[in-house]
Amino acid sequence: MQDVVDRQTRRSGGSPLAIAGIGLAIALALCAIALWATGSALVEALPGLRKPDAWSPWLLPLTTLVSRLAQLAAVGLLIAAAALLPGEDGALSPQGWLAARWACAAAVVWAVAQVLLLPLTTADLLGTAPWSLSASRVLSTMRDIEAGQALLLIAALALASAIAARASMRRSGAVIALALALAAIIPQTASGHSASSGSHQVAVSSLLIHLAGVVVWAGGLLALVLLAPRLSTPMLSAAARRFSALALPAAVLVLVSGLVEAALSLRFSPADWLTTDYGVLVVLKLVATIALLGAGAWHRRHALGVLAGGARRGFVRLAAGECALLAATMGLAVALSRTPPPPRLESETLPESLLGFPMPAPLTWGRVLLDWYPEPLFLLAGLTGIGLYLLGVIRLRRNGVHWPLSRTLPWLAGCLIVIFAMCSGLARYAPVLAWVHMMQHLLLAIYAAPLLVLGAPVTLALRAIKPASDLSLPGPREILQSALGSRFSRVITNPFLALAVFAGSTFVVFYSGLYELMLRSHVGHLAVSAHFLLSGYLFYWVIIGIDPGPHRASPPTRLILLLISAITHTVFGVSLMASESALGGNWFASLGRTWGPTVVEDTQTAGAVAWTFGELPFVVILGVLLFAWARDDEREQRRRDRAADIKGSAEADAIVDYNAMLARLSDRDTAAPR
């Protein structure tokens, strides 16, 4: 297919390798200057120890920078192949195929850089040269240190993404490769200042949002610049316009989340922003980000229109300048990750180091309602869900289409319950008390999920989103329709699989080591919370869903599934109430909580909450399901009656016509002469 690309595309710019080389040189140079200026790469011997190796403090951040730039290129090129470039019947175009191949090469560089970071990280920890390390020391880092485990996982995901990209001939393959590349963002939160800063739960979530925004915004821009010499002007214009819709929200998320991270690291001290090396680098990175936002705004207002008119050189030059500024920003970011933030003046207690905030006062419902501890990811998801849903309703009303309030209100209530469960005082007490943690998950899986299902968001999206004008470039509506009819959708919406995931997850999480891991890792807590919400949504879609889908169980089957789920939930709650061992006992014991129930009593209370608080929605949904079943039977009976009436009327008309024919024949025989 490379020959097809060379024949069908035109070259009107510099070589992609030259562009990548210039950007890499700028990033490395600025990173080295920042490391030298702040002294982050200068090492001194501690009293009684030998002087550390001088190479590791330089090689580690520079290799990290190469890894980050390769990650940006891989993600951006996969976004281009999956969503920005045209294709026919789900197949990649020649240009999309080329983007996937280049993404494969970038992902390989990314994986190799991650592997090289393992000995460099070990050498940095031990203060020795990386080439003097034994294999056992590197293996120990991979096995025993969280940062080493994260590096190994990122390398595996990058390699898997490279393999998927290399094999991609259709958009679905590029989407799989992109999902693997984006999944590597999660273990990146294990390193850096966010994982160890105060309020580290908020900091880790902000870092996840920040990294996701960076790879989408910066990666997509880099992909456009690399692919521009291989794209015709109309194709480049279409890709740039589609990317612009992604770039604006991603850029806003990058700026806001970066400010939150910096404020947490500097502990909201205004003086530290300009009087410390860390604060100065934060300010420089902020200025560069704002400059990139300004360049993006210029793109949207002027460059895209000029490009649509056929003048591509100015667009490519401006985009290349943005990439140079982006490379400089990445260099500052890596140097910032190696620069220690200002030290805390007050000592940190053990509960504060584990929780990320001081041990809360004894629980009262007033504190639960008023003492909020926002979780940025779920807060963003809830507010985004409310905003997009209301925009869809407004668009339908402008088009003269009615959308029932009985669907809008459940969706809004479900989103508000998600925000309350993850951002209110429950979020502050959930890692301290097991029964509060249980209530948090019940709110997500059993209260919010069915309300979200009743909102019918897929039906709203299919009605509100306009069809794509160009069939070779599917829009959100076409992507959603394709996802609904995909094999993956048919598998996950199987009623019995949905029941197994929903009912079995509770036992797997709370009766295994996952529960304590979830308490100790904020990323694990986020993942399990998202799983409970999604598994609940999937199960209740099978039971009371309105949206279209590949499977629709019969009313008796849905009733049986709901009863099985209620029984398993009751068994789970009763088993915890009778338990004499504690859930997450090591974690709760290490907190040293001096108020409230004992650890075992806390576990038994969690069982009582699961049994009582969790059974109420089942009763309500059972009544709704029986009512809907009876209404469906009435509707079916009316349909049959109408069919019978129509059939009887037709038969009566046929008899009348037959009798009339016989009468005419009789009259004719009577009138005829003998």
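Here a visitor and a guide talk through the cores, a helix pair and some aromatic rings of a predicted model.

Residues are numbered from 1 along each chain as its sequence is written, and side-chain values use heavy atoms, leaving out hydrogens and water. As the model is predicted, local features need pLDDT of at least 70 and side-chain atom pairs count only at pLDDT 80 or more, while totals for chains, interfaces and linings use all residues.

Visitor: Which helix gives the most to the largest nonpolar core?
Guide: A nonpolar core is a set of buried Ala, Val, Leu, Ile, Met, Phe, Trp, Tyr and Cys residues joined through side-chain atoms within 4.5 Å. Buried means under 20% relative accessible area, exposed over 50%, and partly exposed in between, with a 1.4 Å probe and protein chains only. The largest such core has 162 residues, and Met438 and Tyr540 touch the most other members. With 17 residues, the top contributor is helix α9 (residues 200-227).

Visitor: How many residues are in the other core, the one with Leu120 and Val138?
Guide: That core lies apart from the largest one. Ala123 and Leu151 are also among its members, and its size is 8 residues.

Visitor: How are helices α4 and α5 oriented to each other: roughly parallel or roughly perpendicular?
Guide: Helices (H or I, at least four residues) are DSSP runs, numbered from the N terminus. Axes are lines fitted to C-alpha atoms over the stretch in contact, and angles run from 0 to 180 degrees between N-to-C directions. The axes of α4 (residues 94-126) and α5 (residues 135-144) are 9 Å apart, at an angle of about 95°. Angles under 35 degrees count as roughly parallel, over 145 as roughly antiparallel, 65 to 115 as roughly perpendicular and the rest as oblique, which makes α4 and α5 roughly perpendicular.

Visitor: What kind of ring pair do Phe507 and Tyr511 form?
Guide: Rings of Phe, Tyr and Trp (its six-membered ring) pair if their centres lie within 6.5 Å; planes under 30 degrees apart count as stacked, over 60 as edge-to-face and the rest as tilted. For Phe507 and Tyr511 the centres are 6.2 Å apart and the planes meet at 15°, so this pair is stacked.

Visitor: And what kind do Phe539 and Tyr540 form?
Guide: Phe539 is buried at 0% relative accessible area, and Tyr540 is buried at 0% too. Their ring centres are 5.3 Å apart and their planes are at 70°, so the pair is edge-to-face.

Notes: Helix = DSSP H or I, 4+ residues; strand = E, 2+ residues; numbered from the N terminus.
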